[in-house]
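Trainee: I should like to learn how to read the features of a protein model. Would you please take me through one, giving the general idea and then the case?

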Amino acid sequence: MLKKANRLKKRYQFNYVYKAGEHFVGKAMVLYTSTSKTKNIKVGFAVNKKIGHAFKRNLIKRRLREIVYSEIPNMKQQYNIIVMARENIFDFSFSELSEEFQKLILKAGLLNEKIS
RNA sequence: UUAGCCAGCUAGGCAAUUACGCCGCAAGGUGAGGAAAGUCCGAGCAUCGCAGAGCAAUCACGCUUGAUAACGUCAAGCCAAGGUAACUUGAGGAAAAGUGCAACAGAAAGAUACCGCCACUUGUGGCAAGGGUGAAAAAGUGAGGUAAGAGCUCACUCAAAGUUAUGGUGACAUAGCUUUGCUGUAAACUCCGUGAGAUGCAAGGUGUGGAACAUAUGGGCUGCUCGUCCGUUCCCGUGACCGCUGGAGCAUGGCAGCAAUGUCAUGCCAAGAUUGAUGAUUGCCUUAAAUGACAGAACUCGGCUUAUAGGCUGACUAAAACG
RNA sequence: GCUGAUGUGGCGAAAUGGCAGACGCACAAGGUUCAGGUCCUUGUGAGAGCAAUCUCAUGCAGGUUCAAGUCCUGUCAUCAGCA
């Protein structure tokens, strides 16, 4: 369930979410959301060059991906979301990032109603 | 022991759970580095029409011998500079083919005479020892010599060119003889020698969609000239598939070589993504300490350069102490 | 992945291999004015020093040269182009 079908890929898809959706700001990351026509949730990650060289950016993306995928079963489907890293994200540990992401999806109302 | 100098090794290991890429019908297998980095050199490969040639321009390199597919790389040497030494550093051909440049200071910057010295004499001749300037001032010391002086002469020394002998594959070294006393700069132009066609996988191929035009004052990858080719063309888009990983490959051992490296035997197959796969949690072992340095493949190799925690091993030098 | 350009006071910039920082903006002080603006004059890189003055400064590290912002090599940062 967490494979290519669940990813945002194209540049126009990213641009659509940035323009049409809402955003929620955290200490280490920013969450962009918009509703989607497809049944499954789609996730994209944005980590720009300010964070560091290739090694740091890849590590951040892997950790974010792990956090997001573990939460997907608890979340509403039919949404597109983008997780954008902020410049200071490298100072946070994995568990801190996980807590913050949970707060953000609660704030955005993306948690599945049955569970919440 | 202290200080130094050179070289090499390592970049934790084995598992469990869960998540992901690729291969596979499945079971299962497999999954980043010593620099993967910078893109600074050298190649493979591809295209420019599987037709190019000459000249020019431009760029790069520049001691010797060897290694290599090749190199601007490497090894062993030579020479120069630095260091007490181990050792380090060097784009290290030509300045006597030609041109340019050498600020300021200084009389004068490859050409001279301000002060000064000497002679006759009151402005002419001779001189370059002494003075000061400068990064650099006509080779240095001593003696002879002279009106005063000067490589003008002599002795020794220094430097350069030529030449002979010996040693070395060679760069070169040592010794002798002859001649000379010539500034520095080529990382200024230049000359000499050697080399380079251009563009880079966003190359390029297959497939697919769209548009324009009807044949030229067209197009064909630095310039010019010549030759030649194209109508199956040209332009734009998409990025599905191929290119895409078995290769100047890796490991172990023997042999040759001072070494770089070569060669033989045996065994092995080890990422292939395209919003881009390695994350998270835990246990045991090694250890002084265990996830903690620098850091992530994007067509593939050989180098160079730069970043790098902690630790280990070996050779050598100087000083001091002891034997 | 590939290709190219730039780096000098607080900012924008100039500088044949020869005293680095011309010039403009900005800032500070003084003058002019009842006051402000305009205008005029002077000054302003960093450190040490009472001062004279000395040392360090052209992204960084080396090299060539008597002498380097300038020439050469390496490196770092920033910016731009190629879909």
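Trainee: Which residue of β4 is the bridge partner of V30?

Mentor: Strands are DSSP runs of E of at least two residues, helices are runs of H or I of at least four, and both are numbered from the N terminus. Two strands pair if DSSP finds at least two bridges between them. Here V30 has M84 as its bridge partner in β4, and L31 has V83. These bridges belong to the antiparallel pairing of β2 (residues 29-35) with β4, which has seven bridges. Please note that this is a predicted model, in which local features need pLDDT of at least 70, side-chain atom pairs count only at pLDDT 80 or more, and totals for chains, interfaces and linings use all residues. Residues are numbered from 1 along each chain as its sequence is written, while chains are lettered from A and ligands numbered from 1 in the order in which they are written.

Trainee: Which way do β3 and β4 run relative to each other?

Mentor: β3 (residues 42-46) and β4 run parallel and are joined by five bridges; in one of these pairs, V43 is matched with I81 of β4. The chain passes from β3 through α2 to β4 in a left-handed β-α-β crossover. A crossover is called right-handed if, with the strands pointing away from the viewer, the path from the first strand over the helix to the second runs clockwise.

Trainee: In what order do the strands lie in the sheet?

Mentor: The sheet is open and mixed, with its four strands in the order β1-β2-β4-β3. β1 (22-25) and β3 are the edge strands; each has a single partner, so one side of each lacks a neighbour in the sheet. From one strand to the next the twist averages 20 degrees, where axes are lines fitted to C-alpha atoms, for helices over the stretch in contact, and angles run from 0 to 180 degrees between N-to-C directions.

Trainee: How many residues of β4 are buried?

Mentor: A residue is buried if 20 or more other C-beta atoms lie within 10 Å of its own, exposed if 12 or fewer, and partly exposed in between, with C-beta atoms placed from the backbone. Five of the seven residues of β4 (residues 79-85) are buried. Across chain A, buried residues make up 18% of the 116 residues.

Trainee: How should I read the two sides of a helix?

Mentor: An α-helix has 3.6 residues a turn, so residues three or four places apart point the same way. In α2, the buried residues are I60, L64 and V68. Seen down the helix axis, the buried residues of α2 fall within an arc of 60 degrees, so they line one face; the arc is that of the directions from the helix axis to the C-beta atoms. The face turned away carries exposed residues, A54, F55, N58, R62 and S70.

Trainee: Why does R62 count as exposed?

Mentor: R62, in helix α2 (residues 54-71), is exposed because 11 other C-beta atoms lie within 10 Å.

Trainee: Against which elements do the buried residues of α2 pack?

Mentor: Contact requires C-beta atoms, placed from the backbone, within 7 Å. The buried residues of α2 pack against β3, β4 and α3 (94-107). α2 lies across β3 and β4, at about 155 degrees to β3.

Key. Two residues are in contact if their C-beta atoms, placed from the backbone, lie within 7 Å.
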